[in-house]
Amino acid sequence: MSDKTVVLTGITTTGTPHLGNYIGAIRPSIIASENSSVQSYYFLADYHALVKCHDPERVHQSSIENAATWLALGLDTNNAIFYRQSDIPEILELNWMLSCMTAKGLMNRSHAYKASVADNIESGEQDPDKGINMGLFTYPTLMAADILMFNAHQVPVGKDQTQHLEMTRVIAQRFNHHFGDHFQIPDIVLGEEGAVLPGLDGRKMSKSYNNTIPLFLPEKKFRKMIMKIKTNSLEPGEPKDPEGCTLFAIYNALATREEVADLRVRYEQGIAWGEMKQFLFEYLNNIFSGPRERYDALIENPSQIETILVRGAQRARDYASPFMQRLRHATGIRPIQ
Ligand code: TRP
């Protein structure tokens, strides 16, 4: 086996990729995959999407958009293994094995599940489990299967996912303790600080707040979006504070130190909001116009995307399938003779 560091992360296919995804996950993941001592596994977590989204068109469309986005932004799929979770049946098989090694009490403590119960109680529901499906309840075991299937060393995720990784570690340790040392215990790699980007209204950019800036809108629409970003009512010429300013935060996440320092000066000098918005639009458009062309070409020819994903799944299964045989053997699921 190779001694590369295995880096793995999943993308839930429920939404359209936005600037926050780019800065928090896509860009750092693509950069990590270019390191020759890393083997990366990046996948569309379409089974996870089914937990919260029961609109088939949306799940399908989001899979296309997410795949096209990562490819358009330069993910090299000769290097990174890029696949769809649902193309790897071994993951579901492992999910079952892990479920049987997971204490129900551990799942009871899951933040995502507890938050839904708390919402029900708060809104005076009779049944605290109303609207909660088993997929949500056992979400962490499926995520553990995603990770342990490929013996990932590192799993870069946002803060909201750290509990899932702690659970993965607990589940893996329990399995190893009982059946032998099969799983790598993964490390949690928290995204860079400042990776949380504000959205149109100044709150964290998130699908659930409906305040995202999609990455690959047509240029005119993209410009309109930037113009919509909320600012305060300070007039041109009045000094402005970069702290807490969404326009500044977006620029800060992408520009070099010197560029950011220059902009700071322009804030002090009282740059007009209109001018700042135009400046930010041009800056972003410059970064994304090349990828946008590639994205549009991929969306127009989705069979290209499919071919890449199918090949990624084959590579992933080259690892998963023999490993699953070993796990079956270890758990006693094996031929009589
Ligand atoms: N739950 C993750 C999210 O919503 C997506 C995901 C699914 C994932 N499986 C994973 C992330 C495995 C890391 C590793 O962001």
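Which residues does the domain assignment of the protein chain give to domain 1, and which to domain 2? Keep in mind as you look around that this is a predicted model.

**Stop one: the two domains.** Select residues 5-196 together with 302-331 and give them one colour: they make up domain 1. Now select 216-297 and pick another colour, because domain 2 is assigned to those residues. The contact between the domains draws on ten residues from domain 1 and ten residues from domain 2. If you place a marker at the centre of each domain, taken over C-alpha atoms, the two markers will sit 33 Å apart.

**Stop two: the interface.** Turn the model until you can look at where domain 1 meets domain 2. About 890 Å² is buried between them, and carbon and sulfur atoms give 71% of that area. Searching for salt bridges across this interface turns up zero, while two residue pairs are in polar contact, both at pLDDT 80 or more. On the domain 1 side, select α1 (19-33) and α3 (56-72): these are the elements that give two or more residues to the side touching domain 2. Sorted by class, that side of domain 1 has six nonpolar, two polar and two charged residues.

**Stop three: Glu122.** Next, select helix α6, residues 111-122, where you will find Glu122. Is Glu122 buried or exposed? Its relative accessibility is 72%, so Glu122 counts as exposed.

**Last stop: a distance to draw.** Keep Glu122 selected and add Thr168, which is 46 residues away along the chain. A line drawn between the C-alpha atoms of Glu122 and Thr168 spans 30 Å.

Definitions and conventions. Residues are numbered from 1 along each chain as its sequence is written. This is a predicted model: local features need pLDDT of at least 70, side-chain atom pairs count only at pLDDT 80 or more; totals for chains, interfaces and linings use all residues. Side-chain values use heavy atoms; hydrogens and water are left out. Contact means heavy atoms within 4.5 Å. Buried area is the accessible area (1.4 Å probe) that two parts lose on being put together, summed over both. A salt bridge is a side-chain nitrogen of Lys or Arg within 4 Å of a carboxyl oxygen of Asp or Glu. A polar contact is a pair of N or O atoms within 3.5 Å; within protein, one must be able to donate a hydrogen and the other to accept it, and residues adjacent in sequence count only if both atoms are side-chain atoms. Helices (H or I, at least four residues) and strands (E, at least two) are DSSP runs, numbered from the N terminus. Ala, Val, Leu, Ile, Met, Phe, Trp, Tyr, Cys and Pro count as nonpolar, Asp, Glu, Lys and Arg as charged, and the others, Gly among them, as polar. Buried means under 20% relative accessible area, exposed over 50%, partly exposed in between (1.4 Å probe, protein chains only).
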